[in-house]
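Colleague: Could you take me through one part of this model at close range? I would like to follow a single helix and then see how the rest of the chain fits around that view.

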Amino acid sequence: MSLQRAKEHLARFGLEDRILEFDVSSATVELAAAAVGCEAARIAKSLSFLVGDTPILIVAAGDAKVDNPRYKAQFGAKAKMIPGDAVEGLIGHGVAGSAPLAWSQG
């Protein structure tokens, strides 16, 4: 479902043909980098957090980590990732498929 939603979203801009699909898994940064043929730092990853009851996505380089003091300064709360079994219900995409577009809140 999330791939179809992403395609539909990109189609509004004439970009649906920009999605790459692979015969191998690209579910992690390392697997995606191997599938594309680049270093992990060149992969964009989406991180799903809750700020209170509000889900947010942060898009970061594949090799980046969340800086907890900066996160707290920005959002006024400690970083709390959405539990894996709740991601799809809150974001509209499952774990390892949380695209930063066509999500439930956007």
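Modeller: Happy to! One term first: a contact here means heavy atoms within 4.5 Å. Please keep in mind that this is a predicted model. The part I would pick is helix α2, which spans residues 29-36.

Let us begin with the side of α2 that is hidden. The buried residues of this helix are V29, A32 and A33. Looking down the axis of α2, these buried residues fall within an arc of 100 degrees, so they line one face of the helix. The spacing makes sense from helix geometry: an α-helix has 3.6 residues a turn, so residues three or four places apart point the same way. What lies over that face? The cover on the buried residues of α2 includes strand β1, residues 44-51.

Now turn the helix around. On the face of α2 that points away from the buried side sit E30 and A34, both exposed. Just past the helix comes G37, with a positive phi near 90 degrees.

If you step back towards the N terminus, there is a salt bridge to look at in the stretch before α2. The side chains of K7 and E21 meet there, with 3.0 Å from N to O. K7 belongs to helix α1 (residues 2-11), while E21 lies in the loop between α1 and α2, and the two are 14 residues apart, so the pair links distant parts of the chain. As for their surroundings, K7 is partly exposed, with a relative accessible area of 26%, whereas E21 counts as exposed at 54%. The count for the model comes to 1 salt bridge.

Here is the setting for all of this. The chain has 4 helices and 2 strands, and along the sequence they follow the pattern α-α-β-β-α-α. Of the 106 residues, 25% are buried. The exposed surface is about 7100 Å², and carbon and sulfur atoms supply 52% of it. Among contacts with a separation of 6 or more, 35% are between residues 24 or more positions apart.

Finally, a word on confidence, since you will want to know how far to lean on each part. The chain averages a pLDDT of 86, and 89% of the residues score at least 70. Among the elements, α1, the helix that holds K7, has the lowest mean pLDDT, at 80, and helix α3 (residues 68-75) has the highest, at 96.

Definitions and conventions: Residues numbered from 1 in each chain as written. Heavy atoms only, no water. Salt bridge = Lys/Arg side-chain N within 4 Å of Asp/Glu carboxyl O. Buried < 20%, exposed > 50% of the residue type's maximum accessible area, 1.4 Å probe, protein only. Areas by Shrake-Rupley, 256 points an atom, 1.4 Å probe, with all protein chains shown as cover. Arc of directions from axis to C-beta. pLDDT = per-residue confidence, 0-100.
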